[in-house]
Amino acid sequence: MSVSLLVVQILNGLQLGVLLFLIAAGLTLVFGVMDFINLAHGVQYMVGAYLAAMFVTWTGSYWLGLTLTLPVALAFGLLLEVLIFRRLYGRDHLDQMLATFGLILFLNQAVRFLWGSEPLGVAMPDILSGSIQVMDGLRYPVYRLALIVAGLVIALGLHLAINHTRIGMLIRAGSTHSDMVAALGVNIRRLFMVVFGFGAMLAGLAGALVAPILSVEPGMGDNLLILTFVVIVIGGIGSIRGAFIAALMVGLLDTLGRAFGPQLLRLAMSAAAANQTGRSLAPMLIYILMAVVLFVRPTGLFPVKK
Amino acid sequence: MTGGTAAAANSSRAWRHPAVWLFAAFLALPIPAHFGANAYILSFATHAVALGLAALSLDLMLGIGALASFGHAAYLGIGAYSVAILSDMGHDDLLVQIPVAIAVASVFAGITGFVSLRASGVYYIMSTLAFGQMLYFLAQSLSAYGGDDGVTLAARSRLAGSHLLASDLGLYYVTLAALIAAYVLLDRIVGSRFGRVLGAVRQNPMRVRAVGLDPFRYRLLASILAGSLCAVAGVLLANQSEFVSPAFMTWQRSGELLVMVVLGGMGRLWGAVLGAICFLTLEEVLPGLTDNWKMVLGALLILAALGRGSRLSQLFKGVGR
Amino acid sequence: MIAPLLSVEGLTKRFGALLVSDSVTFAVEERELHALIGPNGAGKTTLINQLSGTLPSDAGRILFADEDISHLPLEARVRRGLARSFQITSILPDYTVLENVALAIQARSGSSFRFFGRVGQERALNDEATAVLTRVGLVGRSTARAGTLSHGEKRLLELAIALACRPRLLLLDEPFAGLGQEESQASIALLKELKSDVAIVLVEHDMDAVFSLADRVSVLVNGRIIASGTPDTIRVDPLVRNAYLGDEELA
Ligand SMILES: Nc1ncnc2c1ncn2[C@@H]1O[C@H](COP(=O)(O)OP(=O)(O)OP(=O)(O)O)[C@@H](O)[C@H]1O
Ligand SMILES: [Mg+2]
């Protein structure tokens with residue numbers, strides 16, 4: 001295993017981690033502040049990707065498309081909040097699961113209806129296309145690097161917003177003692193709307209950011225949703241910091257495990273056996289990590305609730 | 001719920017019990033199917049009965065024990081892959097396949113339950129979902145069994161050496177027998193000491209602790225029982241479709257199982273079976289009406305969830321208790 | 001002198017910066033009715049939660065029947081004979097009154113891992129549950145769903161469930177709260193009767209009840225026991241008068 005291959009895989013892992021963080025950040029707050037099971041967060045990521053595909057094609061510019069996507073993804077999230085989610089706050093988790101499960105079915109088919117089943121592509125902005133020399137004998141696509149950087153910048157921004165603004169303070173308080181916040185006379189409905197809309201926008205942004213490198217297709221958010229859950233469980237519900245660290249852990253472990261698992265096992269067993277075992281084991285690694293974390297700390301690495 | 005959903009508790013009233021009607025209808029179903037010579041109905045019914053068994057097992061967790069497991073389809077997968085793998089190894093008898101499926105399911109339910117039941121609420125739901133997905137990826141990596149594409153079974157399983165399952169009618173009745181046996185078993189369990197504790201844990205875990213019982217053990221055992229029964233459903237489902245793939249155990253399938261239980265009314269066992277039939281029928285009928293039937297189905301689910309706890313659903317809640 | 005049934009040393013609990021139990025030390029003898037009084041928010045419920053194992057303590061030791069139970073969970077303490085009632089009624093609303101009580105009896109008589117026998121037809125459980133319900137005067141409501149009971153009846157059921165655990169020490173958190181005149185008179189009479197065979201820690205705001213029932217009274221203020229003694233000494237204790245009772249109430 002050469003060093004450059006390792007670096008490539010680490011970058012790939014970071015990229016997945018950053019993506020997971022963008023989706024998980026909003027969702028962990030929705031769970032934490034509202035105690036709301038939202039299965040439909042993955043389709044909001046998908047909707048973001050579709051919006052980006054549509055707007056980029058319309059305007060012919062990636063940047064314009066991205067700029068249009070954000071407010072529309074936000075508006076879409078708020079629309080869902082008003083139409084569906086707000087009627088389910090404080091209800092049984094089962095009702096929330098059913099409704100948001102229904103929403104997944106609905107939206108996955110709706111995008112198929114509107115845009116067809118064929119995967120859509122999104123053109124990359126010119127200045128970010130191509131690749132650059134990262135180290136000797138290793139070129140890496142600029143866009144993917146930019147994605148990592150953008151994710152890290154957004155994470156930093158979120159960190160500042162959560163810890164140093166009034167709304168961030170309310171959100172933090174909401175995750176720890178939601179009843180207390182309500183008792184203090186804060187408009188809890190508005191806080192919920194903000195958290196929700198914001199989470200939807202971040203998920204949509206994640207979708208828009210990956211649109212140029214992944215195919216935009218119905219159901220693209222379904223499996224990512226589960227990865228997001230793993231991230232949230234590991235990080236601790238309601239914790240942005242936990243989501244960030246867990247997202248990077250999951251992204252790196254999953255990518256490196258798949259890339260190098262079979263090779264590592266080959267040190268201990270025959271090539272054929274190592275190949276099958278490695279390929280079976282690699283996708284399970286993050287779930288095993290989750291099980292271990294849950295076992296040791298049933299409320300995640302950075303529990304927020306008291 | 002006094003002492004279970006007892007069909008047999010009061011034999012003079014037994015005929016009025018919905019479960020009796022439901023199973024009688026199932027028993028008689030092949031008759032019109034026979035005269036109508038529509039083989040498809042029988043295959044659909046077998047499918048529905050097998051998934052009815054899966055939903056029934058989930059009702060033990062969800063309806064009786066308030067455990068909203070979002071990974072139940074994993075056990076369908078365990079059952080189905082037991083058939084594929086054991087048949088491949090030359091063990092094609094249900095008398096081998098079912099015990100193995102149950103053993104594997106128990107171990108998986110025991111280990112994952114041990115971890116996720118310690119966590120509560122949202123953590124429980126998310127971790128069951130994730131563990132289910134873990135098994136899905138494991139199945140996907142089994143290249144000897146077709147990986148993502150799955151594998152077609154060479155033949156249906158045998159039953160105690162006989163080829164009873166080779167005929168569609170034989171398979172149907174064997175599947176139905178499994179469902180009825182499971183129903184009777186669970187009905188007994190719900191009415192037993194164990195069932196009473198499990199029902200109490202649903203209503204108020206703190207109260208259960210305060211009389212000296214540890215809710216965890218009862219939840220864990222309920223998970224193992226439910227997983228085992230669902231694995232049996234998976235064995236039968238594989239025989240019905242004569243094909244096994246990771247698609248048996250997607251998390252969407254787990255979601256559908258939850259929908260079936262809720263649709264039929266939680267906690268009364270036969271309701272889960274009825275819910276399975278209603279859901280599968282809907283899935284069968286809607287595509288004939290519109291290409292975008294999944295939008296209709298999704299919208300129906302949203303409305304059902306929003307409307308739960310409404311007057312209408314309270315009305316149905318009383319039936320058959 | 002024999003060791004007390006329950007002895008508590010230095011029990012402490014913090015919620016964040018708030019010190020709710022401040023190194024509480026006291027003891028309860030066999031068959032003693034020990035009343036715990038104090039103003040709202042004094043930490044009485046928290047102390048009951050710590051004693052029963054509902055909440056973990058930050059420091060201190062609890063000895064019950066010569067055994068250190070400080071680190072046992074609630075359910076293990078109940079099995080050793082330390083039962084509690086809840087200030088906020090905690091029952092099984094979907095079960096009948098009889099089933100609520102029978103569960104507590106089942107929990108201490110034989111295994112609950114029995115899967116086939118119909119528990120509803122177990123004579124021994126039902127008979128004993130009926131006897132407990134007769135004792136608290138709720139037997140007429142045996143077949144009612146517990147969720148449909150009136151508030152007063154629910155309080156009685158709460159008490160019946162605790163009794164059905166057949167404890168050696170009963171922790172009662174405001175069992176009379178919200179009861180009508182008649183109901184609370186009946187409950188007080190019942191506790192008087194119970195006193196002869198079970199030790200009781202009684203948290204109560206109703207001073208008439210406390211002073212007529214208690215063998216000893218401890219006064220909790222801001223998480224500290226500021227006085228402990230017979231009802232007569234507590235009645236005249238100037239510290240207590242100042243800090244809590246208010247002179248006119250005792251005049
Ligand atoms: N879970 C908790 N987290 C934070 N603070 C708590 C918690 N439970 C209780 N408290 C605080 O601890 C203090 C003591 O509460 P506790 O319920 O023990 O009082 P109490 O004496 O039972 O009052 P009352 O007579 O009203 O029942 C109160 O100030 C309360 O606000
Ligand atoms: Mg209190």
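Which residue caps the N-terminal end of α8(B)? In this predicted model, the cap is Ser192(B), with a side-chain oxygen sitting 3.3 Å from the backbone nitrogen of Phe194(B). The helix that follows spans residues 193–203 of chain B, and 11 of its 11 residues are buried, so α8(B) is largely enclosed by the rest of the structure. The buried set runs from nonpolar side chains such as Phe194(B), Val197(B) and Leu198(B) to Arg193(B), Arg196(B) and Arg202(B). Around them, chain B contributes α3 (39–64), α7 (168–190), α9 (205–210) and α10 (215–241), while chain C adds its own α3 and α4 (123–136).

Turning to chains A and B, their contact draws on 44 residues from chain B and 48 from chain A. About 4200 Å² is buried between the two, with carbon and sulfur atoms giving 77% of that area. On the chain B side, Tyr123(B), Met126(B) and Trp251(B) lose the most area to chain A, together 16% of what that side buries. As for polar links, 11 residue pairs are in polar contact, but 0 salt bridges turn up across this interface. Helices α5 (94–116), α6 (122–140), α11 (251–264) and α13 (293–307) of chain B each put in at least two residues, and α6(B) gives the most, with 12. By class, the chain B side comes to 29 nonpolar, 10 polar and 5 charged residues.

Over in chain C, the magnesium ion (ligand 2) is coordinated by OG1 of Thr45(C) and OE1 of Gln87(C), at 1.8 to 2.2 Å. The pair links distant parts of the chain, 42 residues apart: Thr45(C) belongs to helix α1 (residues 44–52), and Gln87(C) to the loop between β6 (82–84) and α3 (97–108). Thr45(C) is partly exposed, at 27% relative accessible area, and Gln87(C) is partly exposed too, at 33%.

Notes:
Residues are numbered from 1 along each chain as its sequence is written. Chains are lettered from A and ligands numbered from 1 in the order in which they are written. This is a predicted model: local features need pLDDT of at least 70, side-chain atom pairs count only at pLDDT 80 or more; totals for chains, interfaces and linings use all residues. Side-chain values use heavy atoms; hydrogens and water are left out. Donors are N, O and S atoms within 2.8 Å of the metal (3.2 Å for Na, K and Ca); water is not among the atoms, so sites may look incomplete. Helices (H or I, at least four residues) and strands (E, at least two) are DSSP runs, numbered from the N terminus. Buried means under 20% relative accessible area, exposed over 50%, partly exposed in between (1.4 Å probe, protein chains only). Contact means heavy atoms within 4.5 Å. A polar contact is a pair of N or O atoms within 3.5 Å; within protein, one must be able to donate a hydrogen and the other to accept it, and residues adjacent in sequence count only if both atoms are side-chain atoms. Buried area is the accessible area (1.4 Å probe) that two parts lose on being put together, summed over both. A salt bridge is a side-chain nitrogen of Lys or Arg within 4 Å of a carboxyl oxygen of Asp or Glu.
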